[in-house]
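Here's a chain worth a slow walk-through. Take a look at the sequence and the fold first, and then we'll go through the sheets, the helices on them and the cores.

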Amino acid sequence: MYVTNADELNRLIRCNGSRLMGVDGNKSTPIDDLMNPSRTEGIAAHWLSTVVFNHEYAECIELVDRKAPNGVYITPEMVEHVDQYLKDIKHDQFMFQAMEVVTTIKRENYTINARADHIAFDAQARLWIDDFKYGYGIVEPEMNWTLIAHAIGFVLGNPGFVPKEIIFRIHQPRPHHPEGKLREWPISYAQLLELYNQLNDTMNNLNSELHTGPYCPKCPGFTNCPAARKNYLNALDAMEEIAFKDDLSNDVLASELELITRAKEIIEHRYDAYKELAVHRLKQGQIIKNFHVEDQLGNTTWIKGLDADFLKALFGQDLSAPKLITPTQAKKKVPEEYLKPFTYRPITGLKLVRMDADKRAKKLLNKKG
């Protein structure tokens, strides 16, 4: 019995061998303690949407400046994003709708554990599968096996329910996308059956082949994957062999741009993976020559509890427009040294910094001096 989860399917279906590159022995290194800001903010945003959807709170704005269960503060920006998400998924036409719906698929040879962000269906037998993505990495609804698994799991778990149409939707409020923040992919029930057959056939006949693609960076075995390493080296070779010419035809220019863009993506994915591995080891106290970690700071912000009225009384300047402006904007009205005691830069994570060991030692000695 092979057990996985729906979030892994986009990689697993396209690269069966990735399941053999898991976190065990020398195959990879666990990086589960590296909770980046986008991930923790996403957890908080999901919690906010769930408690308001379930009427535990009347409105998202009630929770501004309060902590989610994972310790992340609910911000006005997050409230705005979640409000729009809830507006997009709540409709009177739905005969059924719910959040955090279990859509686990259990078959004889495999289990796919799954939980959908939101599922609904209407009187026209249209099934809606919604996924709220709060990160910046673009996610598309087309051929998204996580969403497909949710639809399959829901239909299998509700015998007799045959949707005429399935509409997969990605809600991604933060990154720019030419098709907007809400993107849809509708398919027929016949298409869903074809996809189920494809999923079932793949899961019953998993092979050991490795194939690289955009899903690689989140693979637990990416740093030690031979296919990814080969792809990376090929990208380096391609970059070294490309000479700049300004007399290319437009067709050749388009081809070169495609090649360089792909090579750039491969190299960036490799760098990101090794960077996380290095940060993980440095946090454990290991030494990696010429590299160390520093706190990554966010934008300067006001300390908790301050408002525009207090600062106006203190500095004699109105810092609201119409709400409290940012410390950066306030510098145009108030000397920076006066503002410092009332601001701070939040730590948003850790960053890997390259610096010669001798230079770093001198820097530390100068600080102590």
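What follows is an informal tour, from the whole chain down to a few single residues.

**The chain as a whole**

Keep in mind that this is a predicted model. The chain holds eleven helices and twelve strands. It has 369 residues, and 38% of them count as buried. The accessible surface comes to about 21,800 Å², with 51% of that belonging to carbon and sulfur atoms. As for contacts between residues at least 6 apart in sequence, 67% join residues at least 24 apart.

**The five-strand sheet**

Let's begin with an open sheet of five strands, in the order 2-5-6-7-8 and with mixed pairing. Strand 2 (94–102) and strand 8 each have a single partner strand, so they are the edges, and one side of each has no neighbour in the sheet. From one strand to the next, the twist averages 20°.

Strand 7 (residues 165–171) runs antiparallel to strand 8, and seven bridges pair the two. You can pick out partners along the way: Ile167 has Pro186 in strand 8 as its bridge partner, and Ile170 stands opposite Arg183.

Which side chains of strand 8 are buried, and which are not? In a regular strand, side chains alternate between the two faces of the sheet. Strand 8 (residues 182–188) follows that alternation: Arg183, Trp185 and Ile187 point to one face and are buried. Leu182, Glu184, Pro186 and Ser188 point to the other face and are not buried. So Pro186, the partner of Ile167, is on the face that isn't buried, whereas Arg183, opposite Ile170, is on the buried one.

Two helices lie across this sheet. Helix 2 (residues 37–53) crosses strand 2, strand 5 (115–122) and strand 6 (126–132), at about 140° to strand 2. Helix 4 lies across strand 2, strand 5, strand 6, strand 7 and strand 8, and runs at about 135° to strand 6.

**The three-strand sheet**

There's also an open sheet of three strands, ordered 1-4-3, again with mixed pairing. Here strand 1 (2–5) and strand 3 (105–106) are the edges, since each has a single partner strand and so one side without a neighbour in the sheet. Strand 1 and strand 4 run parallel, joined by four bridges. Helix 5 (residues 189–204) packs on this sheet, touching strand 1, strand 3 and strand 4, and its direction makes about 120° with that of strand 4.

Thr111 is a handy residue for seeing how the sheet comes together. Thr111 lies in strand 4 (residues 110–113), and Val3 stands opposite it. Beyond four places in sequence, Thr111 touches Met1, Tyr2, Val3, Thr4, Thr104, Ile105 and Lys106.

**The cores**

In soluble globular proteins, nonpolar side chains tend to be buried together. Where does that happen here? The largest nonpolar core has 36 residues, and Leu9, Leu127, Phe168 and Leu199 touch the most other members. Helix 4 (residues 145–156) gives the most to this core, with eight residues. A second, separate core has 20 residues, including Ala45, Met78, Leu86 and Phe132.

Leu9 shows what such a core residue meets: leaving aside neighbours within four places in sequence, Leu9 is in contact with Thr4, Ile112, Trp145, Ala149, Leu199 and Met203.

**A loop residue and the cysteines**

Ile325 is in the loop between helix 8 (308–315) and helix 9 (327–330). Its contacts, again leaving out neighbours within four places in sequence, are Trp302, Leu319, Ser320 and Ala330. Ile325 and Asp307 sit 18 residues apart in sequence, with 9.8 Å between their C-alpha atoms.

How many disulfides are there? A search of the whole structure finds zero.

Is Cys60 buried or exposed? The table lists Cys60 with three other residues; a residue counts as buried when its relative accessible area is under 20%.

| Residue | Relative accessible area | State |
|---|---|---|
| Cys60 | 1% | buried |
| Cys15 | 5% | buried |
| Thr111 | 10% | buried |
| Ile325 | 11% | buried |

Cys60, at 1%, is therefore buried, and Ile325 counts as buried too, at 11%, although it lies in a loop.

How values were computed:
Residues numbered from 1 in each chain as written. Predicted model: local features only at pLDDT ≥ 70, side-chain atom pairs only at ≥ 80, totals over all residues. Heavy atoms only, no water. Buried < 20%, exposed > 50% of the residue type's maximum accessible area, 1.4 Å probe, protein only. Contact = heavy atoms within 4.5 Å. Disulfide = S-S within 2.5 Å. Pairing = 2+ DSSP bridges. Axes fitted to C-alpha atoms, helices over the stretch in contact; angles between N-to-C directions. Areas by Shrake-Rupley, 256 points an atom, 1.4 Å probe, with all protein chains shown as cover. Core = buried A, V, L, I, M, F, W, Y, C linked by side-chain atoms within 4.5 Å.
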